[in-house]
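User: I'm new to this structure and would like a close look at one part of it. Please pick out the empty space and tell me what surrounds it, then add whatever else helps me find my way around.

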Amino acid sequence: MAEYSAFSLLKNALSGNKDWKPAWRKPDPKASYDVIVIGGGGHGLSTAYYLAKEHGITNVAVLEKGWLGSGNVGRNTTAVRSNYLLPSNTRFYEHSMKLWENLSHDLNYNVMFSQRGCLNLAHTPAQFDDYARRGNAMRHLGVDAELMTVDQIKRLVPALDVSGSARFPVIGGLMQRRAGSARHDAVAWGYARGADRRGVDIIENCEVTGFLRDGDRITGVSTTRGEIRARKVALAVAGSTGRVMQLAGIDKMPIESHVLQAFVSESLKPIIDTILTFGMGHFYISQSDKGGLVYGGDLDGYNSYAQRGSLPIVDEVMSEMLALFPGLARVRMLRSWGGLCDMTMDGSPIITTGPLPGMYLNCGWCYGGFKATPASGFCFAWTIAKGEPHELNAPFTLDRFYRGLFIDDKGQGATPRLH
Amino acid sequence: MLITCPYCGPRDVIEFAYQGDGNRERPQPASQDLDAWNAYVYDRLNPAGDHNEIWQHAGGCRAHIRVVRNTLTHEISSTAFAHGGHRSATRHKTEAKS
């Protein structure tokens, strides 16, 4: 398979772009593999990639029920950041950030990673103090963070209403300049190509319909394309975790599936050169390279497997946007979509061995799975290859809830709907 | 989405507050059964299909109601008072008269 390079671009341009090869093969499933990864989204593909690259395990199949990237990896708002408070989260997401910074080079695939920064707005003195605390916690662990004054924010985002007459006046903010965004489809395609060229079989339109067992032990899966055996079965199915775990006979988990909506406006000239989050409600906005404003807000708030949202949240998100940017009142919304979020009870993910023998579980990404894609795959691959967690994902176990060791970055207790 | 409150009738979803999985059973307050408490606080049924859940008509009569809703289609097949019978409705009406 050809490398992408200036030379290959030129060569293919001169030959009318007729000779590009598909980025990954379309193999039929084999009877057995060393590892099956269920879920061909960002996390599943990056897991397969790092299994092959870091651990030399290439007899791997990634099973995707639809087409590659049809799930959450294409249903997010592409934000990448590592501005967390608690050390276990900060270390994990900072590792992810470092992988992001080298990802296009590593994959030989342009994921359009753009470090345009992420700014959290503060609207009360207490909130500003809280951001100062979080910024200090980040800097203690070597992550960049800086407090910004209203004047600095006004210069950075001129369209933002920072006047005293705003509905929620801005009094400052916390900026992580190394944060940014990446093209989500390219992330999926780049990992798929990287895994494929190392020998991983990526099998699309292959839905898992059950698990093969030997006593308690999981020994493979039955799928719409036949039975496939494997020594290790790894789940990375994000919002569908509840549904797939039910197939394995586990119907209760510390997880609820919710839908999160996102929106894109018509294209505008550049007005926001950062990712901005609103501190008084739940709203975030950035501008894509094509010019569309990409924004979203809260979960719909009740269990859902429907990949679409409801109107009350549309109403709420739009009013929050106008509280920040009154000048956008006449900008038209182009489209909206919903992604499934498997919300855990502490807002932090689960990457673990088990819960059944032969099974490995990667889930519970809540709102924030996209930014974790590289580190999630890296740590999950380590866990699968060695049968024990990497030090970065050791805290993210399933039994942390029962042992009182939950990682509650927002400090809002055991509830799946606030994080 | 319209939810039919057994007391007030069909109302828009924005009047309601979601309280989650209606299958969880709270252990007796004096219980020292850690597994039961853990299950109550953390574990949830998370089905793709009919889901038995509790809502509160927070912007209305404030009754807690049990709703069976399909998580794929948002179709609601039944609603009832959360704690059975019509006790809260009866009490509400009696108080209103006196």
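Analyst: One term first: a residue is buried under 20% relative accessible area, exposed over 50% and partly exposed in between (1.4 Å probe, protein chains only). This is a predicted model, where local features need pLDDT of at least 70 and side-chain atom pairs pLDDT 80 or more, while totals for chains, interfaces and linings use all residues. Residues count from 1 along each chain as written, chains are lettered from A and ligands numbered from 1 in written order, and side-chain values use heavy atoms, without hydrogens or water.

Now to the empty space. A search of the whole structure turns up one cavity of 30 Å³ or more (on a 1 Å grid over the protein atoms alone, points where a 1.4 Å probe fits but cannot get out). The volume of the largest cavity is about 60 Å³ (the space filled by probe spheres on grid points joined across faces, edges and corners).

Who sits around it? Chain A gives A:T241, A:G242, A:M245, A:Q246, A:I250, A:D251, A:K252, A:M253 and A:I255 to the lining of the largest cavity, and chain B gives B:R44 and B:N46 (lining means an atom within 4 Å of a point). α8 and β12 (252–253) of chain A each supply at least two of these lining residues (helices are DSSP runs of H or I, at least four residues; strands are runs of E, at least two; both are numbered from the N terminus). The largest share, four residues, comes from α8(A). By type, the lining of the largest cavity splits into four nonpolar, four polar and three charged residues (Asp, Glu, Lys and Arg are charged; Ala, Val, Leu, Ile, Met, Phe, Trp, Tyr, Cys and Pro nonpolar; the others, Gly among them, polar).

B:R44 deserves a visit of its own. You'll find B:R44 in strand β4 (residues 44–45) of chain B. With a relative accessible area of 5%, B:R44 counts as buried. Its contacts (heavy atoms within 4.5 Å), leaving out residues up to four places away in sequence, reach into both chains. On the chain A side, B:R44 touches A:D251, A:K252, A:M253, A:I255, A:E256, A:M345, A:A414 and A:P416. On its own chain, B:R44 touches B:D21 and B:R24. The side chain of B:R44 also comes to 3.0 Å from the backbone oxygen of B:V41.

Chain B as a whole has two helices and seven strands. Read from the N terminus, its elements go β-β-β-α-β-β-β-β-α. Of the 98 residues in chain B, 36% are buried. Take the contacts in chain B between residues at least 6 apart in sequence, and 44% of them join residues at least 24 apart.

Back in chain A, just ahead of the helix that gives the largest share of the cavity lining, there's an odd backbone angle. A:A238 sits in the loop between β11 (226–235) and α8 (241–247), and A:A238 has a positive phi of about 45 degrees although it isn't a glycine. Most residues other than glycine have a negative phi, and most peptide bonds are trans. A:N108 also has a positive phi without being a glycine, about 50 degrees. A:N108 lies in the loop between α4 (103–107) and β4 (118–122) of chain A and is buried, at 17% relative accessible area. There's a cis peptide bond too, from A:G354 to A:P355, with omega near 5 degrees. A:P355 belongs to the loop between β18 (350–353) and β19 (359–363) of chain A.

What about open space? The second largest pocket has a volume of about 600 Å³ (a pocket is an open set of points with protein on both sides within 12 Å along at least five of seven lines). α7 (184–196), β13 (255–267), β15 (283–287), β16 (292–303) and β17 (333–344) of chain A are the elements that give two or more residues to its lining. That pocket has 26 lining residues, and A:T78, A:H184, A:S288, A:K290 and A:V294 lie nearest its centre. The lining of the second largest pocket holds six nonpolar, 13 polar and seven charged residues.

Last stop: A:K30, in the loop between α1 (6–14) and β1 (32–38) of chain A. A:K30 is partly exposed, at 43% relative accessibility. Beyond four places in sequence, A:K30 contacts A:N59, A:D201 and A:I228. The side chains of A:K30 and A:N59 make a polar contact of 3.1 Å (N or O atoms within 3.5 Å, one able to donate a hydrogen and the other to accept it; residues adjacent in sequence count only if both atoms are side-chain atoms).
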